[in-house]
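Work through the exercises below with the sequence and the model side by side, and try each task before you read its solution.

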Amino acid sequence: MVKTTQQKIVYEQMSVGYEFVPSNFRLDAEKMKAFLNAVDDNNRIYEDNKIVPPMAIAALAMAEMALSLSLPLGAIHVTQNLEFLQVARIGDQFTSHASVSRKLERDKFHMLTISINVQNQHHVNILSGETSFILPLAATEEKQ
Amino acid sequence: MTLKLEELTVDTKLQELKRQVTQEHINLYATVSGDFNPIHIDQEFARKTPLRGTVAHGMLVLGYISEFMTNSFGQNWLRGGSLNARFKVPARPGDLITISGKINAVQKENEFISILCDVFCQNQQNESVIICETKVKVNADEDCR
C-alpha cells in the first residue's frame with residue numbers, strides 16, 4: 001500500500017467541505033486473499049474472474065481515511081452507504097478522495113458524515129459511499 | 001446459485017448465509033484494514049468499556065452482506081450494487097450471524113431491471129446487527145451470473 005502522509009485532524013477542527021489529502025493504495029492477490037479470509041468469504045467469483053471484492057476497496061479506503069482522522073474515544077459507526085460503480089481488477093491502483101459532507105450538532109447529538117470516492121489508475125470511478133459516526137458528547141465537550 | 005431471470009420477482013427470498021464471528025477473524029480484519037482500534041482486538045481494554053468486550057468491525061459484518069448479495073446476483077452486484085446500512089447492535093466473538101433477505105421491488109428501466117432488497121443481519125438471539133437496503137441492476141434478458 002502506498003501511503004500519503006497527513007497530519008491527523010480532530011473532530012472540532014473539521015467543517016463541512018473539509019477535504020482529506022487523497023490517499024493511494026493497491027490491492028494485489030495476497031491482500032485480496034487476506035481480506036477474503038478475514039470476512040470468511042469463500043465465493044470463487046473473485047479468483048475465477050480476477051476481480052476484487054468491492055468491500056475490500058471500501059475497507060482500505062476507510063482505513064486510509066482513518067489514518068488522517070482523530071475521533072473521540074467512543075465514537076460509533078452508525079450508518080454506511082456504498083455504491084459499487086465498476087468492477088476492479090486484481091493489481092489495480094486506487095486513489096481515495098474523502099471529505100466531510102455533514103456535521104450535525106444538535107443539543108446532545110453530534111454526528112459526522114464523511115463522503116468517500118475511489119477511482120482506479122485510469123481515473124474511472126469505482127466506488128462511492130458515505131460513513132456516519134455518532135460522537136460521545138462528553139468526549140467532544142472535554143476538548144472544547 | 002445465482003438467481004435466474006424468472007426468480008427476479010417481489011417476495012423472492014435470497015439464499016440465507018450464516019457466519020460465525022471469531023476473535024481470529026476480527027484480528028485478521030484489523031490487520032488487513034489497518035483498523036487496530038482496541039475495542040476490536042484488546043480484550044482487557046474492551047472489558048472496561050460500556051461494550052464489555054471486543055466487538056467486530058462493522059465493515060467486517062457488512063462484508064457478510066456483500067457476500068450474501070454476490071451469492072444471489074453475482075457480478076451484477078459487484079459492478080452495480082449499492083447498499084444503505086444501519087448498524088444496530090455490535091457483533092461479538094462467538095456470535096452466529098444469519099443474513100437473510102428478500103426482493104421487495106422490481107423496477108424495469110429499458111434494458112435493465114433494478115432489484116431492491118431488504119436484507120437482515122441477526123445474531124443468534126434474533127437481535128438485528130445490521131438493517132440494510134440494497135439495490136442491484138441486472139440485464140432484463142438474462143440470468144444473474
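Two exercises follow, one on the contact between the chains and one on the sheet.

This is a predicted model, in which local features need pLDDT of at least 70 and side-chain atom pairs count only at pLDDT 80 or more, while totals for chains, interfaces and linings use all residues. Residues are numbered from 1 along each chain as its sequence is written, and chains are lettered from A in the order in which they are written.

**Exercise 1.** Find how many residues each chain brings to the contact, and which element of chain B gives the most to its side.

*Solution.* Begin with the totals: 30 residues come from chain B and 30 from chain A, where two residues are in contact if their C-beta atoms, placed from the backbone, lie within 7 Å. Next, look for the elements of chain B that give two or more residues to this side, which are α1 (23–33), α4 (58–73), α5 (75–80) and β2 (81–87); helices (H or I, at least four residues) and strands (E, at least two) are DSSP runs, numbered from the N terminus. Of the elements of chain B, α4(B) gives the most, with ten residues.

**Exercise 2.** Trace the open sheet and name its edge strands.

*Solution.* First follow the ten strands in the order β2(A)-β5(A)-β6(A)-β7(A)-β4(A)-β2(B)-β5(B)-β4(B)-β3(B)-β1(B), with antiparallel pairing; two strands pair if DSSP finds at least two bridges between them. The edges are then β2 (23–26) of chain A and β1 (17–20) of chain B, each of which pairs on one side only. Finally, locate where the chains meet in this sheet: β4 (residues 76–84) of chain A and β2(B) pair in the antiparallel sense over five bridges, and A:T79 has B:R86 as its bridge partner in β2(B).
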